[in-house]
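User: I would like to learn how to read a helical model feature by feature. Please give the general idea each time, then the case at hand.

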Amino acid sequence: METEIKTITEAKNQKKNVGGRPKKSVKRDRFIAVKCTAVERKLIEAKAKSFFLSVSEYIREMALRGTILPKIKTLPKEVLGFTATLNHLAANLNQIAKKRNGFEELSVSERSELKVQSEEVKNLTTEIKNYLQENN
């Protein structure tokens, strides 16, 4: 009974997780105004965007370090689409290989599906080559 009371008391004394974003150890809450022309502003915004940074981050990095290390670029939608298709094809080919390794014969529908997927792989490789040639 006494241990139950202790655990209930301890549970009440612990802080509850209120959720939300965790507090930052160093909060950036100071503002610096910079005067510039409309053209200069557009140039700064364009440069910040090219590094995938906000204007504040770009100006802060340039002022403190004098240079900016480029962030890793996210993959384009086309590349993510290619990857998804390849994953799907790999899963299907794995199922077929498992069946063949078990000495089971492929049905007519499985053979036709395999032929279709083989064509998909060929088309996908052509699309990837074309995409890489266009973007290099």
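User: Is the crossing of α4 and α5 left-handed or right-handed?

Analyst: This is a predicted model, and in it the crossing of α4 and α5 is left-handed. Their axes come within 10 Å and cross at roughly 150 degrees. Angles over 145 degrees count as roughly antiparallel, so α4 and α5 are roughly antiparallel to each other.

User: Which residues of α4 and α5 meet?

Analyst: The α4 side includes Glu78, Val79, Phe82, Leu89, Asn92, Ile96 and Lys99. Among the α5 residues they meet are Glu110, Glu113, Leu114, Gln117, Val121, Leu124, Ile128 and Tyr131.

User: Which residues of α4 are buried, and what do they pack against?

Analyst: A general point helps here: an α-helix has 3.6 residues a turn, so residues three or four places apart point the same way. In α4 the buried residues are Phe82, Leu89, Asn92 and Ile96. These buried residues pack against α5, which covers residues 108-134.

User: Asn92 is on that list. How should I read Asn92, and what does Asn92 touch?

Analyst: Burial is read from relative accessible area, with under 20% counting as buried. Asn92 has 12%, so Asn92 is buried. Asn92 lies in helix α4 and, leaving aside residues up to four places away in sequence, touches Glu113 and Gln117.

User: How far apart are the end C-alpha atoms of α4, and what span should its residues give?

Analyst: The check is to compare the end-to-end distance with a rise of 1.5 Å a residue. Helix α4 runs over residues 77-101, and its 25 residues should span 36 Å. Its end C-alpha atoms are 36 Å apart, so the two values agree. For α2, with 13 residues, the reach from first C-alpha to last is 18 Å, close to the 18 Å expected.

User: What follows α2, and what follows α4?

Analyst: Here the backbone angle phi is the thing to read, and in particular its sign. Phe52 follows α2 and has a positive phi, near 60 degrees; that is a positive value in a residue other than glycine. Phe52 lies in the loop between α2 and α3, the latter covering residues 55-65. Its relative accessible area is 47%, so Phe52 counts as partly exposed. After α4 comes Phe103, also with a positive phi, near 65 degrees.

User: How many aromatic pairs are there?

Analyst: Ring pairs are judged by the distance between centres and the angle between planes. The count comes to one aromatic pair. The rings of Phe51 and Tyr58 have centres 6.3 Å apart and planes at 25 degrees, so the pair is stacked. Tyr58 is buried because its relative accessible area is 9%, whereas Phe51, at 25%, counts as partly exposed.

User: Where is Phe31, and is Phe31 buried or exposed?

Analyst: Phe31 is in the loop between α1 (2-13) and α2 (38-50). Its relative accessible area is 82%, so Phe31 is exposed. The C-alpha atoms of Phe31 and Ser56 are separated by 9.7 Å, while the two residues are 25 places apart along the chain.

User: How many helices and strands does the protein chain have?

Analyst: The protein chain has five helices and zero strands. Of its 136 residues, 10% count as buried. Among contacts between residues at least 6 apart in sequence, 35% join residues at least 24 apart.

Technical notes:
Residues are numbered from 1 along each chain as its sequence is written. This is a predicted model: local features need pLDDT of at least 70, side-chain atom pairs count only at pLDDT 80 or more; totals for chains, interfaces and linings use all residues. Side-chain values use heavy atoms; hydrogens and water are left out. Helices (H or I, at least four residues) and strands (E, at least two) are DSSP runs, numbered from the N terminus. The expected span of a helix is 1.5 Å times one less than its number of residues. Buried means under 20% relative accessible area, exposed over 50%, partly exposed in between (1.4 Å probe, protein chains only). Contact means heavy atoms within 4.5 Å. Rings of Phe, Tyr and Trp (its six-membered ring) pair if their centres lie within 6.5 Å; planes under 30 degrees apart count as stacked, over 60 as edge-to-face and the rest as tilted. Axes are lines fitted to C-alpha atoms, for helices over the stretch in contact, and angles run from 0 to 180 degrees between N-to-C directions. Angles under 35 degrees count as roughly parallel, over 145 as roughly antiparallel, 65 to 115 as roughly perpendicular and the rest as oblique. A crossing is left-handed if the near helix is turned anticlockwise from the far one by less than a right angle, and right-handed if clockwise.
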